[in-house]
Amino acid sequence: MLAVMLISLVCADVCRAQTATATAAAPAKPVAATYLYIEPYETRMEALFGAEMLLGWIGESPDPAAALTPEAQLEIGKKVASKADRWCAVRDDGNTAKGRLVSVSFVKGEPGRTEPVKAGESVAPKDCMIGIMWEFATSPVPRTIEALWWEWNPPINSLPIKLFFGTQTDNLEMTRDLNFAKWQNEGRLPPPKPLAEVPPLPPVTYIPIPIATAIWLLIGVVYYVLRNRTDRKPRGGWLGMLIAWVFVAVILSLMGVVHVRNPTDKIATPVKTADDAVRIARPLLRNIYRAFDYQTESQIYDSLKRSVEGELLRKVYLEMIQSLAIDGGEGARARVTDVDVQIDKVTQGDGLTFTTEGQWTALGTVGHWGHTHTRVNRYNARVTFRPVDSEWKITGLEVLELRRM
């Protein structure tokens with residue numbers, strides 16, 4: 001009996017030793033994950049790789065345990081960017097979408113649970129990942145989206161890809177032999193939200209008055225009366241005179257026309273109360289954020305012009321880009337889903353122009369590296385509104401305070 005127990009203990013020790021040896025000998029699973037965010041007008045592709053592995057891909061071999069300084073991270077980011085621009089592509093309904101490399105950044109944690117490396121922080125390759133982000137301009141509601149990947153290096157032979165669209169997710173895979181993943185909409189991606197309706201101004205109409213024709217008519221009547229009193233007919237007779245007079249009247253009808261405001265038009269009244277101001281401010285501010293659902297700068301500007309006037313366009317564009325960017329400079333931008341407006345004071349200006357003082361709160365979310373960020377910005381601001389081409393527009397904006405909550 002004692003001999004049996006000794007043999008059992010020896011066998012158990014041998015099994016534990018073999019298991020430990022096998023575990024130590026097994027190579028660590030490479031860190032690699034890709035994400036595809038499909039949204040109206042934009043598809044964003046993100047890839048996360050273990051820093052040690054990716055550095056080997058670009059010909060770098062630093063000590064895995066030696067910390068990379070911020071300067072070294074910057075140089076590595078530039079080197080990765082010079083190569084990664086050609087690593088992937090997206091097809092929108094079978095057509096290659098126009099895209100660009102957005103950012104290369106160092107992050108810590110693991111796929112799905114990441115945090116950016118802080119500004120000025122040094123980090124060892126073994127303790128971080130390198131994230132690469134591309135953006136592609138796609139349809140408002142694409143039928144199919146295909147992600148393609150061309151950069152295959154040891155030990156990577158396959159890439160899991162997690163898709164995010166609307167409130168749903170899906171999981172696919174790309175391999176060295178089948179280097180694309182295809183997603184079919186089938187009604188699962190919500191269409192883009194329409195622009196909010198801004199209260200219209202009463203239409204302004206004008207009555208055309210042909211002054212030159214009226215004067216010519218008066219001259220013709222006076223001439224006729226004078227000729228008729230003296231019983232003297234014009235040369236060629238009255239028929240010839242009438243034809244000549246009508247001919248000149250037609251020509252003059254195209255000249256000297258004065259447009260007079262229609263007295264029956266409804267006159268717009270100045271905005272005096274906070275409630276009336278909110279009804280104008282809320283949809284205009286919502287439409288400003290809706291403009292940033294587009295992917296290209298020209299599309300954003302064209303949409304902003306419907307809410308913002310003149311030199312303010314550039315200022316609003318830059319301030320909104322900065323406020324919607326997530327922390328860490330990783331390239332992703334929040335999409336605002338709701339805007340709440342509170343106005344405390346309304347000041348009258350010239351004509352229908354008015355200025356408000358108050359605050360608005362913008363709620364937005366952004367999916368990034370496999371998880372979701374929520375962004376709440378609260379602005380205290382002074383905003384000026386006035387009619388431009390019979391539409392309300394924002395013509396002045398002074399942000400007094402911006403708080404990220």
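## Arg335 and the four-stranded sheet

In this predicted model, Arg335 stands opposite Thr365, a residue of strand β15. That is a good place to start, since it leads straight into a sheet. Strand β14 and strand β15 (residues 354-368) pair in the antiparallel sense, with 12 bridges between them. They belong to an open sheet of 4 strands, ordered β14-β15-β16-β17, whose pairing is antiparallel. At the edges stand β14 (335-348) and β17 (391-404); each has a single partner strand, so one side of each is left without a neighbour in the sheet. On average, and with direction ignored, neighbouring strands here are turned by 25 degrees against each other.

As a reminder for reading any sheet, strands pair through backbone hydrogen bonds, and they may do so in parallel or antiparallel fashion.

## Helices on the four-stranded sheet

Helix α6 (residues 274-291) packs on this sheet and touches β14, β15, β16 (371-388) and β17. The direction of α6 makes about 145 degrees with that of β14. Helix α8 (residues 312-324) also lies across β14, β15, β16 and β17, and runs at about 35 degrees to β17.

Now look at helix α7 (residues 297-304). Which of its residues are buried? They are Ile300, Tyr301, Ser303 and Leu304. These residues cover an arc of only 165 degrees around the axis, which puts them on the same side of α7. Among the elements covering the buried residues of α7 are α6 and α8.

## A closer look at Ser323

Ser323 is a residue of helix α8. Is Ser323 buried or exposed? Its relative accessible area is 1%, and buried means under 20%, so Ser323 counts as buried. Leaving aside residues up to four places away in sequence, Ser323 touches Arg375, Asn377, Tyr379, Leu402 and Arg404. You can also find Arg333 by starting from Ser323: the two are 10 residues apart in sequence, and their C-alpha atoms are 8.9 Å apart in space.

## The seven-stranded sheet

Another open sheet has 7 strands, in the order β6-β5-β7-β2-β1-β9-β10, and its pairing is mixed. The edge strands, β6 (113-116) and β10 (168-175), each pair on one side only. Neighbouring strands of this sheet are turned by 30 degrees against each other on average, direction ignored.

Strand β7 (129-137) is a helpful landmark. How many of its 9 residues are buried? The count is 8, so β7 is mostly covered. On one side, strand β2 (residues 42-50) pairs with β7 in the antiparallel sense over 9 bridges, and Gly50 stands opposite Met129 of β7. β5 and β7 also run antiparallel, joined by 8 bridges. Phe106 has Ile130 in β7 as its bridge partner.

## Helix α3, seen from both sides

Helix α3 (residues 70-84) lets you check its length for yourself. At 1.5 Å a residue, its 15 residues should span 21 Å, and its end C-alpha atoms are 20 Å apart, which agrees. The buried residues of α3 are Gln73, Ile76, Gly77, Val80 and Ala84. Viewed down the axis, the buried residues of α3 fall within an arc of 105 degrees, so they line one face of the helix. On the face turned away from that buried side, α3 carries the exposed residues Glu71 and Leu74.

What lies over the buried face? The cover of the buried residues of α3 includes α2, β5 (99-110) and β7. This fits with how α3 is placed: the helix lies across β5 and β7, running at about 135 degrees to β5.

## Two nonpolar cores

The largest nonpolar core has 42 residues. Which residues have the most contacts inside this core? They are Met45, Phe49, Ile132, Trp134, Trp149 and Met174. Helix α2 (residues 51-57) gives the most to this core, with 5 residues.

Met174 makes a good stop on the tour. Not counting residues up to four places away in sequence, Met174 touches Thr34, Met45, Ala147, Leu148, Trp149, Trp152, Ser158, Leu159, Ile161, Asn179, Phe180 and Ala181. A second, separate core has 36 residues, including Phe292, Tyr301, Trp360 and Trp392. Tyr301 is also one of the buried residues of α7.

Conventions: Residues numbered from 1 in each chain as written. Predicted model: local features only at pLDDT ≥ 70, side-chain atom pairs only at ≥ 80, totals over all residues. Heavy atoms only, no water. Pairing = 2+ DSSP bridges. Helix = DSSP H or I, 4+ residues; strand = E, 2+ residues; numbered from the N terminus. Axes fitted to C-alpha atoms, helices over the stretch in contact; angles between N-to-C directions. Contact = heavy atoms within 4.5 Å. Core = buried A, V, L, I, M, F, W, Y, C linked by side-chain atoms within 4.5 Å. Buried < 20%, exposed > 50% of the residue type's maximum accessible area, 1.4 Å probe, protein only. Expected span 1.5 Å × (residues − 1). Arc of directions from axis to C-beta.
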